[in-house]
Amino acid sequence: MAGTHAAPEIRTQPMNTPFPFSAIVGQTQMKLAMILTAVDPGLGGVLVFGDRGTGKSTAVRALAALLPPITVVSGCPVNSATPEQCPDWANIASDKLVERPTPVVDLPLGVTEDRVTGALDIERALTAGEKSFEPGLLARANRGYLYIDEVNLLEDHIVDLLLDVAQSGVNTVEREGLSIRHPARFVLVGSGNPEEGELRPQLLDRFGLSVEVRSPDTIKERVEVIRRRNAFETDHDSFMAHWRGEDAMLRDRIVAAREALPDTSTSEDALTNCARVSLALGTDGLRGELTLLRAARALAAFQGQPAVTRAHLREVAPLAMSHRLRRDPLDEAGSATRVARVLEETLE
Amino acid sequence: MTREVRNWDMALRALAALSVAPNALRGMILRARAGPVRQRFEEALTLLPLPVRRIHPSIDDTQLFGGLNVAASLSAGHMVRDRGIADTPAALILPMAERTNARLAARLAQMLDADTGHVMLLLDEGVEPDENAPASLANRLAFHCDLGDLRLAEAPSHALDGALLEEARKRYADVTFSSTCIADLVTAAACFGIDDARAPLFALCCARALAALDNAKSVGPDHLHDAAALIYPCRATRIPENMPEPPKDEANPEKTDETTAAGDDLADIPDTLLIEAVAVHLPADLLAGQERKRASGSRDAGAGAGQRRLGNRRGRPLPFRPGRHGGTARIDVVATLRTAAPWQVLRRKHRPTGARLIIFPSDIRVRRFEERSDRLIVFAVDASGSAAMSRMAEAKGAVELLLAQAYVKRDRVALVAFRGTCAEVLLPPTRSLVQAKKRLSALPGGGGTPLASALQYSLEIASQGKRAGFSPNLAILTDGRANIPLNGRTGRSEALTDAKAMARQWALSGFPAVVIDTSARPGPQGRDLANWLAGQYLSMPRADAECLGSATDAALSG
């Protein structure tokens with residue numbers, strides 16, 4: 001019945017071309033947070049919370065195109081870097097290395113446990129009578145990004161499962177007579193609208209950085225948003241040609257920052273400041289100050305500076321700390337304001 | 001021309017634009033009750049260049065995104081997958097859209113974002129003003145039309161020609177527009193307090209579609225006005241400044257303080273015609289709607305996701321989950337058999353002499369149900385000197401009446417009385433009418449009004465109730481004239497600050513509240529209190545127990 005209709009011809013833009021990352025207007029905090037996780041994937045993910053229509057999903061999908069490609073063993077289901085790292089169950093014969101774009105895996109709401117962790121390959125079992133493992137989304141996301149839109153609406157049992165894997169970096173499957181482990185180190189990117197439901201504090205804490213996005217508040221910026229989006233849709237080729245160049249420059253900076261990261265030094269002073277900020281904010285556990293320090297180092301590396309300074313700490317502290325505060329019902333100020341206030345007091 | 005008739009024309013125009021640019025405009029929400037008028041509109045949907053399919057709010061993922069077809073797989077001996085609705089571009093009609101839960105809304109929104117070429121038509125049959133299609137979905141669709149109480153005679157059949165639309169569709173991509181168009185649309189959106197960046201984009205695409213319909217080479221001012229009038233009014237959150245004539249001018253005082261807070265950036269309005277074109281179509285209850293939204297605060301947030309509880313005994317069925325036999329959960333036999341079915345060939349190979357049906361523990365699927373939790377109504381009754389003694393008798397009567405229906409309504413009631421220096425929990429959460437009567441008979445009156453203390457106790461009871469699985473509600477009977485702060489000494493201003501802080505805390509908890517102003521001449525204090533509590537306000541100077549009971553029940557169940 002679809003044959004008589006001309007729906008696909010109406011499309012003016014090729015499917016699945018993400019909007020270029022550098023063409024996103026404003027939203028500096030969100031872009032910075034994403035760049036930092038690209039520089040140091042160990043930061044532990046980004047949580048983007050905000051109003052509707054502020055480009056949350058756009059930014060995450062744009063990140064995929066921006067990131068430098070990774071080298072993987074051809075055909076390896078978990079994107080291993082060398083043939084030795086390939087899991088036994090995958091039976092990878094070739095040791096050919098290929099370049100692949102950094103994987104960005106979408107975790108849709110309502111996904112089943114089987115799809116996430118991987119399960120017995122039913123097709124092989126039915127047809128050949130063999131017991132073999134069919135890898136899930138976690139395997140595909142290894143060394144890349146796992147993106148959860150509307151993360152606050154995800155079912156609890158999936159959330160628990162993700163928490164466990166994100167923490168250990170290993171996915172363990174013990175079911176249907178299978179016993180399989182494979183590496184699953186990924187950066188968790190969640191986006192959502194806080195009005196639709198809150199995240200459990202346990203999950204909040206696992207995200208390294210958090211950003212709150214708002215609609216741009218000047219007419220000029222808003223006009224620019226519409227203009228670029230429209231150009232993207234109608235004048236696709238020349239628009240992409242221009243912004244691809246910008247994206248490439250950003251990618252080069254990220255690659256350079258990754259190389260510089262091990263040599264970026266942190267002084268005793270910086271460590272003390274991290275601890276002081278964390279203490280003053282009263283965050284639970286040590287994950288806050290660890291993330292703060294790592295984020296500051298990533299920022300220093302991204303800016304091409306040899307050491308972490310107070311300015312770096314001040315810039316990343318709202319990203320690293322604002323979601324770790326305990327909610328105080330009698331304090332009317334938002335968490336970002338509270339972080340800013342504490343920074344003012346401790347870092348002067 | 002009445003408002004309804006104009007709406008019908010607008011709806012048809014929106015449909016025409018949608019069929020010219022389905023991929024850019026994504027769809028529409030049609031608010032109308034099921035009936036011949038809606039039927040007539042649905043007939044016009046054949047103009048869309050897509051096959052029309054109906055889905056329903058409880059559609060499952062397999063139908064939506066495709067999945068394993070067990071029966072076909074077994075007979076064919078290899079995997080047979082069903083194609084889901086999301087796989088082929090179609091115009092999806094979703095009736096009863098106001099009942100869509102957040103999960104389905106999120107999945108459909110994801111589908112729209114993925115550019116699968118779908119167009120969605122949400123048929124919103126909500127009766128109450130706050131029964132709406134989920135916002136996450138509504139924002140992604142260009143048009144929102146309200147047919148209201150239109151009669152069939154007022155809704156003539158459409159005069160749109162499929163062939164003309166087809167031609168317009170081809171012209172659409174070549175329609176040009178001047179760069180001032182974007183600026184005008186964005187400024188207009190800002191004037192109406194629309195923050196979503198999708199709105200101006202939709203308006204731009206709509207203007208182009210309308211220009212294509214008119215066989216124009218570029219977007220003219222008329223197209224721009226029409227497009228803005230189609231897209232903006234339902235998204236507006238305020239009436240712009242310097243409006244010559246707001247459509248309803250009764251609510252001006254509130255309006256001004258809202259607009260001044262919006263910033264100076266919006267001071268210059270370049271295209272007043274555009275603004276006026278939109279303003280004509282603003283919904284009559286715009287401000288009331290905003291007020292309502294603010295008052296209900298975080299509660300409308302979950303789109304009804306609030307007070308629910310998962311169980312395995314009763315309630316509405318949810319999708320099954322893997323589980324264990326012998327637990328408290330009930331086994332879903334059909335789902336279990338379906339899980340086991342694909343394995344039978346394989347298992348029989350290993351166990352040729354076994355039973356004909358081999359089911360492993362891992363196949364077992366259990367049922368889950370979702371249950372609405374019982375309601376806990378906390379009555380906080382002002383027994384101070386400022387509230388007349390007769391009030392107390394009525395409050396007691398109302399509590400007893402509610403308790404009498406408690407078994408049917410599954411309510412529990414608690415009573416906090418406040419007088420003198422401190423509040424007192426007269427009746428812990430109970431369902432027992434006898435116990436309640438006994439405790440209520442000895443309630444003295446007179447003294448100060450420790451409002452803050454009353455709120456503190458109520459919040460304590462409510463949070464305990466919440467932990468025990470109830471949905472707490474507060475009904476507070478007072479005149480709102482607090483004069484005793486939390487520390488028990490006197491001091492009117494301090495008392496008010498404390499009461500405000502405690503009320504805010506209640507509002508943060510997200511539990512519903514209703515303030516029943518019992519004073520003979522209601523002052524502003526009661527209304528203030530309702531605002532702080534993010535609750536409703538009822539003024540009932542002369543209510544008897546029965547009135548009070550039914551009003552409380554109605555206000556809290558709304």
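Here are some short exercises with worked solutions on the structure above.

This is a predicted model, in which local features need pLDDT of at least 70, side-chain atom pairs count only at pLDDT 80 or more, and totals for chains, interfaces and linings use all residues. Residues are numbered from 1 along each chain as its sequence is written, chains are lettered from A and ligands numbered from 1 in the order in which they are written, and side-chain values use heavy atoms, leaving out hydrogens and water.

**Exercise 1. Describe chain A as a whole.**

Step 1: Start with the secondary structure. Chain A has 14 helices and 11 strands; helices (H or I, at least four residues) and strands (E, at least two) are DSSP runs, numbered from the N terminus.

Step 2: Turn to burial. Of its 348 residues, 50% count as buried. Buried means under 20% relative accessible area, exposed over 50%, and partly exposed in between (1.4 Å probe, protein chains only).

Step 3: Look at the contacts (heavy atoms within 4.5 Å). Of those in chain A between residues at least 6 apart in sequence, 74% join residues at least 24 apart.

**Exercise 2. Work through two salt bridges in helix α9 of chain A.**

Step 1: Fix the term. A salt bridge is a side-chain nitrogen of Lys or Arg within 4 Å of a carboxyl oxygen of Asp or Glu. The whole structure holds 16 of them over all chains.

Step 2: Take the pair A:Arg228 and A:Glu224, whose side chains meet at 3.1 Å, N to O. About one helical turn separates the two, because they are four residues apart in helix α9 (residues 219-234). A:Arg228 is buried at 17% relative accessible area, while A:Glu224 is partly exposed at 24%.

Step 3: Now take A:Glu233 and A:Arg229, with the closest N and O atoms 3.3 Å apart. This pair also lies in helix α9, four residues or about one turn apart. A:Glu233 is buried, with a relative accessible area of 17%, and A:Arg229 is partly exposed at 22%.

**Exercise 3. Find what a salt bridge in chain B ties together.**

Step 1: Locate B:Asp363 and B:Arg347, which form a salt bridge with the closest N and O atoms 2.7 Å apart.

Step 2: Place both ends. B:Asp363 sits in the loop between α16 (344-350) and β10 (365-372) and B:Arg347 in helix α16, so the pair ties together parts 16 residues apart in sequence.

Step 3: Check burial: both B:Asp363 and B:Arg347 are buried.

Step 4: Move on to a network. B:Arg38, B:Glu42, B:Arg54 and B:Glu125 are joined into one by salt bridges that share partners.
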